[in-house]
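Here is a friendly briefing to read alongside the sequence and the coordinates. Please have both open as you go.

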Amino acid sequence: MSLEQWTVGDRSFGVLVMWLLMAGEIYTTFAFLGASGWVYSKGAPILYALAYLSLSNIVGFFVNPLIWQLGRRHGLQTQADIFQLLYGGRALPALVALIGIAAIVPYLQLQLTGLGIIVSVASYGAISQGHAMAIAAILIVGFVLVSGIRAVAAVSILKDFLMIVTVVFIGIAVPRMLYGGIGPLFARMMETHPSHLVMPGATGAYGHGWYISMVLVCSLGPMWPHSFASIFTAKDGETIRRNMVILPLYNLTLPAILFVGYAALLTLPGLANGDLAVMTLVRARFPAWFVGMIGGAGALAAIVPASVMLLTASTLFAKNVVRPLLAPGLTDVHVARVARGLVVALSALCLALALGTSVSLVGLLQLGYGLVGQFFPGLVLGLCWRRATGQAVGCGIVAGLATLCLLEFSRHDPFLGMNAGFVAVVVNASVMTALGACNVGRRVSVDLELEDDTAATQAP
Amino acid sequence: MCLSVPLWDRVHPIVLGMPFNLFWISAWIPLTSLLLAAAKRIESRRPRVKRPAA
C-alpha cells in the first residue's frame, strides 16, 4: 500500500464517509466520558465544550476547504507539508511536526485511558483496565498497519452508528427512568446543587473569563494534525463543504450525555473519579447486554480517533522529521515503512504512559489544544497575508510555545483568568505579525492559485 | 455564544426542561448547521475568482 493510499486513501472519500470519519475522530472518549465527568464534578463550565465545537465547525467551514485544495493540488499528506509548501525549508515543518506529535501523544494516551475505564466497568471488572488498554493498543496497531485510513473510515461507520444510537437513547431514557424526564431532573438539580448549573460551577477558577478564552482557543480545533489527514481524503471541495455544514449535528449527542452526567451526580454522589460517572450509572441501571453495547460504543469512540492520530503522528515523524533531517534520500516507499515502524513504537509509548500515569482526561486535552492552537497564526494568517514569512511564523510559534510552557510549569493556568493556551496563541500571533510587518525573512514565492473549486467539480 | 456569556449564564428561564444556559448553547448547535448551510449557498453564488495568494 502506497504512502498516498495509507495516509489519505487516494483522496476518494465522499460526503457520507467523510462525515463519519471526521465525526469519528472528533468525538472521542472526551465526549463520552470526560464531558459527563466534568458535569459531574464541576458543572456548568463544561458548556465550553459545546460552544467550542460549534465555533470550531464554523472555523473549519472556512479553513478546511482551503486546506483540501492545497492538499489536492500539491499532493500534501500531512499538516507539516502545508507549512513546507507555504514557507519552504525543513526546520519549520519539522518543528510543526514535533509539536503536532507532542499534542497527539497525550490525546492518544487519553483515548487509551478512557478505553480502559469503559471496558473495565462494562465488563463488571472482569477485564482490568491495564489488559483492556493493551488489547486495544494491539487492535489499533493492527488495523492501522494493514489498511491505514481506509480501515479507520470503515470502523468509523460502526462507531458513529453505535455512539449516536446509544448516547441519544441513554440521554433520553436515564432522566426519564430516574426522574420522569429532563424537566424534573433539573428541578432536582436546582434543589440540591444549584451552583453546579451556572459558572463557575463547583470550581473557583473557571468563570466567564476562563470560559471565553477556552472557547476561543479550542475553536481552533481544525488545527489538530489528524483533522488534516481526514480532510485530504475527500474527493472534491464540495464534499468538504457539505461535510462542514452537517458536522455540527453530531454535537447534539453532547447535551444528551450531559443529561446523563447530571443524573449520575444526583443518584451516585461522591464518586472519586468523575470520569467513571456515566459508565457506573449505566451499569447500575441497565441490563448486561446494553452495558456491553455502551461499552462497545465507548471503546470504538476511543479506537477510531486513536487510529487516525496514530497514523498522523507516525507519518508526521517519518515524513517531516526523519526524512528531511536525517535521511533526505528516502523514497516514499521507505517513508511508509518508517511510518509503520513508528506506529508500533508510538503506540507502545502511549500505552506505557496510559498505564503508568493517571491524569484527568479533560486536563490533558486542554494542554493539547494549547499546543495545536500555535499553528493557527502561521497557517491561516499565512494563507491570507502576504507578509507572513517562515521566520516570522517560526518565531511566533516558538514564542507561543515558550509562553505556554512558562505558564504551565509555573502553575499559572488559568492566567489572569484566561486559559494558558489562549494566551500563548495571542503571543504567537503578535510576534508573528510584528516580525512580518517588519519584513523579517523572505517569503517563499509559491503560486498557490487558490480558487473556488466548485467550478472544477461541475465541469462535465 | 462566547463573548456574551454573562448575558445567558443562568438557570431561568427554563426552556424544554433545561436550565437556560444549557438550552442556549444546545440551540446553537443546529443553528450553526443552518447558518453554515446558508453560508455555503452564498459562497456558491459568488463568481469564481482565481486569486494567487503568495
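**Where to read with care**

Residues 50-54 of chain B stay under 50 in pLDDT (the predictor's confidence in each residue, from 0 to 100), and for this stretch the model has 16 contacts beyond four places in sequence, a contact being two residues whose C-beta atoms, placed from the backbone, lie within 7 Å. Where pLDDT is low, the predicted coordinates should not be read in detail. This is a predicted model, in which local features need pLDDT of at least 70 and side-chain atom pairs count only at pLDDT 80 or more, while totals for chains, interfaces and linings use all residues. Residues are numbered from 1 along each chain as its sequence is written, and chains are lettered from A and ligands numbered from 1 in the order in which they are written.

**Confidence**

- The predictor gives the complex an ipTM of 0.78 and a pTM of 0.78.
- Chain B has an average pLDDT of 73, and 70% of the residues score at least 70.
- Within chain B, helix α2 (residues 20-45) has the highest confidence, at 83, and strand β1 (residues 50-51) the lowest, at a mean of 48.

**The two chains**

- Chain A has 21 helices and one strand; helices (H or I, at least four residues) and strands (E, at least two) are DSSP runs, numbered from the N terminus.
- Chain B holds two helices and one strand, in the order α-α-β along the sequence.
- Of the 460 residues in chain A, 60% are buried, meaning that 20 or more other C-beta atoms, placed from the backbone, lie within 10 Å of the residue's own.
- In chain B, 22% of the 54 residues count as buried.
- Among chain A contacts between residues at least 6 apart in sequence, 83% join residues at least 24 apart.

**Helix α4 of chain A**

- This helix covers residues 47-74, 28 residues in total, and reaches 39 Å from its first C-alpha to its last, close to the 40 Å expected at 1.5 Å a residue (1.5 Å times one less than its number of residues).
- A kink of about 40° lies at Phe61(A), shortly before Pro65(A); the bend is the angle between axes fitted to the seven residues ending there and the seven starting there.
- In α4(A), 22 of the 28 residues are buried.
- Gly75(A), just after α4(A), takes a positive phi of about 65°.

**The nonpolar core**

- The largest nonpolar core (buried Ala, Val, Leu, Ile, Met, Phe, Trp, Tyr and Cys residues joined through C-beta atoms within 7 Å) has 178 residues.
- Leu112(A) and Ala136(A) are among those with the most contacts inside this core.
- Beyond its neighbours within four places in sequence, Leu112(A) has contacts that include Met133(A), Ala136(A), Ala302(A) and Cys350(A).

Methods: Buried ≥ 20, exposed ≤ 12 C-beta atoms within 10 Å, placed from the backbone.
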